[in-house]
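Biologist: I'd like to learn how to read helices in a model. Can we go through a few features together?

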Amino acid sequence: YILLHAPPSYIIALESLMKIGHIYKTLFLRKKPIKSEIKMEGRCPFQPQSGYATSDTRLEWMRRNNITLDDDYPDDMKSLEANPDHTAPLYFWQIYSLIGKRPIISIVRNFYERVYQDKENPWFRNVFANISDIGYHISAQSAYWIDAFGGGKRFHGGNHRLRIHHEYNASEIMNARGATRWMFHMRRALQDHTFDDPRIQPCILDFLKIKMIGYAEDHSWSFDETDFKLPITDDEADIDRSLSQKEELQATHEETKDEIKN
């Protein structure tokens with residue numbers, strides 16, 4: 001009744017107050033987007049953050065490449081944000097800023113689906129199945145990759161937690177034979193995924209090489225560069241023969257290790 005009989009000036013004033021209230025609500029009370037999903041026009045589509053494993057894994061890469069913190073290395077290498085130019089260097093701790101989490105989870109899921117369907121090598125599949133179901137492994141490995149790739153704190157415990165897992169849960173495959181079979185499935189999972197940026201696939205392979213070299217040293221087996229060959233070709237070397245050779249090398253390393261201890 002009041003509004004129906006109110007003077008026009010009152011209605012105009014009320015409408016102005018309502019507009020001001022709407023503007024205030026829009027600017028200050030709206031739900032903010034998740035930080036890792038904020039789009040930055042003209043830059044990378046995902047905003048990176050340092051995680052529990054990001055710094056340690058980057059330092060691990062630097063040590064393998066004979067780079068120290070005191071060296072005058074490029075600014076691009078220091079950043080968690082990638083240079084979007086496809087001709088510029090890309091480092092694995094910048095991958096998240098380009099692709100976010102979904103492609104990472106997709107690759108990891110593809111990998112574990114292959115592992116759990118591995119009928120040729122049940123010994124390999126059973127190591128993972130005895131730890132937990134496929135969902136657990138997809139979740140844990142995706143979290144570690146996202147964390148290491150600059151996606152923020154996703155993998156509590158970082159590299160220390162990963163070392164404990166390998167030592168106590170996955171020791172049966174922490175050898176040359178296990179490394180080859182692991183990469184057998186991972187290479188195929190990577191090859192199944194197409195990226196617009198041609199730098200991403202080799203960058204992920206570089207990350208995996210750095211990790212695998214460390215595992216080989218920690219668990220005394222001989223690192224094999226051919227495990228990381230992409231693309232996969234029809235005339236690829238016979239896997240069984242390769243595994244047999246690696247098992248012999250692994251046995252030799254173990255014997256040498258025991259002799260040193262004695």
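Modeller: Sure, let's begin with helix H10 (residues 176-192): its 17 residues should span 24 Å at 1.5 Å a residue, and the end C-alpha atoms are 24 Å apart, so the two agree. The expected span is 1.5 Å times one less than the number of residues, and helices are DSSP runs of H or I, at least four residues, numbered from the N terminus. This is a predicted model, where local features need pLDDT of at least 70, side-chain atom pairs need 80 or more, and totals for chains, interfaces and linings use all residues. Residues are numbered from 1 along each chain as its sequence is written, and side-chain values use heavy atoms, without hydrogens or water.

Biologist: Is H10 largely enclosed or not?

Modeller: Largely enclosed, because 14 of its 17 residues are buried (under 20% relative accessible area, 1.4 Å probe, protein chains only).

Biologist: How do I read two packed helices?

Modeller: You use the angle between their axes and the distance between the axes. Here, the axes of H6 (residues 102-116) and H7 (residues 122-131) come within 8 Å and cross at roughly 115°. Tyr112, Val115 and Tyr116 of H6 meet Phe124, Arg125, Phe128 and Ala129 of H7, with contact meaning heavy atoms within 4.5 Å. That set divides into six nonpolar, no polar and one charged.

Biologist: And a single residue: is Asn159 buried or exposed?

Modeller: Asn159, in helix H9 (residues 158-168), is buried, with a relative accessible area of 8%. Among the residues Asn159 touches are Ala53, Asp56 and Lys211.

Technical notes: Axes are lines fitted to C-alpha atoms, for helices over the stretch in contact, and angles run from 0 to 180 degrees between N-to-C directions. Helices (H or I, at least four residues) and strands (E, at least two) are DSSP runs, numbered from the N terminus. Ala, Val, Leu, Ile, Met, Phe, Trp, Tyr, Cys and Pro count as nonpolar, Asp, Glu, Lys and Arg as charged, and the others, Gly among them, as polar. Buried means under 20% relative accessible area, exposed over 50%, partly exposed in between (1.4 Å probe, protein chains only). Lists of a residue's contacts leave out its neighbours within four places in sequence.
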